[in-house]
Amino acid sequence: MTDFLTPFLMQSAVQAITPILLASLAGVLCGRVGVFNIALEGQMLIGAFAAVVGCYFAHSAAVGVLAAIVATIAFSLILAYGATVFRGDSVVICIGMNLLASGLTAYLLRAMFDVSGTFSDPSLVGISRIRVPALQVIPILGWGFARQTAITWGAWVLVVLIALLLFKTPVGLRLRGVGEQPDAAETLGVDMRRYRVVTVLASSALVGLAGAQLSLGAVTVFAEDMTAGRGWIAVVAVMLGRGHPVYSAAACALFGFADAVGLRLQGQGLPNQLTDIAPYVVTLAALALSHRKRARVAVPT
Amino acid sequence: MSAVARLCPPPALVAIVVAVVVGGALVLVSGANPIQAYAAIVEGALAPDNLPNTLNWATPLVGMTLAAAIPLRGGMINLGGDGQMVVGGLVGAITPLLPVAGPLAATLALIAASLAGGFYAALAAWGQIRFAIPMLISSLLLSYTAVGIVSYLVRFPLRDTTTGLPQTALVPVAARLPTLAGPVNAGMLVIAAVAALVIVIDRRAVIGYELRMRGLNARFAGYGGVRLDRQALGAMFASGAIAGLVGAIVVLGGQFRFIDGALLTPAYTWSGLMAALLAGGEPVGAIAAGLFFAALQTGGFAMQRESSVPRVLTLVLQAIVILFLAMRHGLGKRSS
């Protein structure tokens with residue numbers, strides 16, 4: 001087992017968790033105000049693309065991250081207003097957004113850089129990693145965090161902050177009220193629509209960060225549909241965690257670990273077509289095993 | 001209400017106009033002439049010489065539209081069309097290579113592919129019934145899994161080692177679908193027959209009625225005696241069977257072997273889902289929307305050839321149509 005849990009494995013596991021974790025935190029927030037957000041996949045893709053664009057033109061990873069956040073928030077206006085003011089069905093809107101993100105990023109990739117498939121350029125700077133040599137001596141967990149980006153650190157801090165926000169502050173109470181009993185919240189003077197719009201937009205900044213981490217964190221490249229289902233795994237993590245940030249984070253950790261183990265097995269000669277499906281299989285198994293605990297009819301089918 | 005009236009009323013037209021305007025702006029920003037681009041699309045799709053190409057593209061797209069429309073009619077969403085199509089495609093490519101397949105090889109392969117796709121899709125419904133895993137999620141996760149496994153099979157155990165590419169061996173000539181005109185093959189007739197069957201069942205049969213009732217109000221349908229679990233299994237089986245059939249038709253009608261990734265690149269599943277969403281699962285409207293998207297995409301190839309505008313623009317246009325309709329008119333507003 002110690003042979004298997006190498007520092008490298010732990011590092012790639014923590015790295016793999018980050019985008020899923022950030023997206024699932026956004027999913028938790030949206031779910032709490034009663035917006036079923038399955039557009040995480042598309043939002044993340046927009047973030048990943050905008051990060052590369054920003055970074056390419058400004059030669060700065062920070063600008064890339066900023067561009068990712070701004071672009072993802074702008075993109076998420078569709079869901080924020082579509083599901084509230086325009087009373088659209090959030091499932092249909094989200095499916096449309098995922099397809100729009102896929103088409104738009106592929107279109108802009110060709111129109112702006114004249115390439116299709118993947119885009120990589122020497123001028124792209126990756127997000128620098130924070131090195132904490134002291135952590136290197138702590139086995140397993142320390143190995144994982146010894147060399148990670150600020151986004152990864154921020155994601156885990158956000159888990160705690162969002163849990164505190166939701167359960168220990170008046171704003172959090174109102175947020176949950178809007179999701180659980182919109183009529184009651186409205187009666188008490190909470191502007192339901194505003195809470196939903198603001199939450200969807202604020203949470204989309206997190207998904208933008210997830211996208212930036214994906215395209216500028218581990219690698220510095222944008223590939224068409226590079227999110228490859230991570231947004232959907234985040235949706236499942238929200239369901240498994242029953243909308244609680246800490247439990248959802250635990251679910252994300254499980255998937256990220258499965259992802260890294262898959263990579264590791266690939267290194268030992270297993271074909272990558274098989275190891276790539278590890279996170280999905282683990283996700284399905286986790287859903288099947290947790291079915292007693294999950295409330296039925298929680299999500300529209 | 002007439003089906004044509006569902007697709008043609010102002011909202012759909014307005015949505016298309018909005019998409020054309022937004023898409024045109026996008027083309028303009030990227031430095032090309034939008035009018036030229038759109039003219040190339042129309043000509044590329046509808047000029048007499050190009051019509052067979054459009055029909056050939058429409059065959060799988062309308063097939064996947066039907067696959068998406070059936071569950072949608074009952075208020076369910078099948079996001080796993082890619083996986084079901086790939087499973088069917090592989091089964092369709094392998095069956096004719098077996099010694100048992102004689103003159104009926106093509107028919108046998110299409111049937112086997114439908115069964116495989118159908119059972120794979122029913123797995124998602126079973127997960128919902130047995131483990132309460134939402135079908136929306138499980139169908140998609142199962143799709144990623146199927147795509148990975150099929151890709152492995154095509155690259156390793158089932159690969160045609162005489163070529164360097166990840167593809168299976170060529171199917172014998174006897175198992176290929178006969179061509180009708182240019183690229184159009186008998187697969188189009190099969191899909192047309194399936195479409196007719198779906199429309200008749202939707203309008204005239206008891207199971208079609210029951211599925212529509214479920215779409216309007218699942219609890220009420222259950223109260224009225226519809227066995228919801230069995231119905232979900234059946235609807236998903238039918239949906240996956242059509243997706244599997246589409247996979248086999250693409251393989252036996254044009255590529256004559258399973259090429260890794262070739263079924264997924266055109267994104268038939270997602271265009272089909274969008275077409276079905278446009279019509280709320282109503283089959284005639286969905287088919288019309290599917291034909292429209294097929295024309296748009298076929299024209300997109302011509303646009304890419306003649307101007308510098310990438311053809312993914314057509315995907316953007318489709319997504320804008322859906323989003324616009326979803327917002328202004330509560331498209332897909334399902335019963336709670």
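**Notebook: helix H4(A), the A–B contact and Gln181(A)**

I began with helix H4 of chain A, residues 90-113, and found that its 24 residues reach 33 Å from the first C-alpha to the last, close to the 34 Å expected at 1.5 Å a residue (the expected span being 1.5 Å times one less than the number of residues; helices are DSSP runs of H or I of at least four residues, numbered from the N terminus).

I noted that this is a predicted model, in which local features need pLDDT of at least 70 and side-chain atom pairs count only at pLDDT 80 or more, while totals for chains, interfaces and linings use all residues. Residues are numbered from 1 along each chain as its sequence is written, and chains are lettered from A and ligands numbered from 1 in the order in which they are written.

I then looked up the burial of H4(A), which is mostly covered, with 21 of its 24 residues buried (20 or more other C-beta atoms within 10 Å of a residue's own, 12 or fewer counting as exposed and values in between as partly exposed, with C-beta atoms placed from the backbone). After H4(A) comes Asp114(A), which has a positive phi, near 60 degrees.

Turning to the two chains, I found 44 residues of chain B in contact with 42 residues of chain A (C-beta atoms, placed from the backbone, within 7 Å). On the chain B side, H7(B) gives the largest share, 13 residues.

Lastly I checked Gln181(A), which sits in the loop between helix H7 (170-180) and helix H8 (182-187) of chain A. Gln181(A) counts as partly exposed because 13 other C-beta atoms lie within 10 Å.

How values were computed: Helix = DSSP H or I, 4+ residues; strand = E, 2+ residues; numbered from the N terminus.
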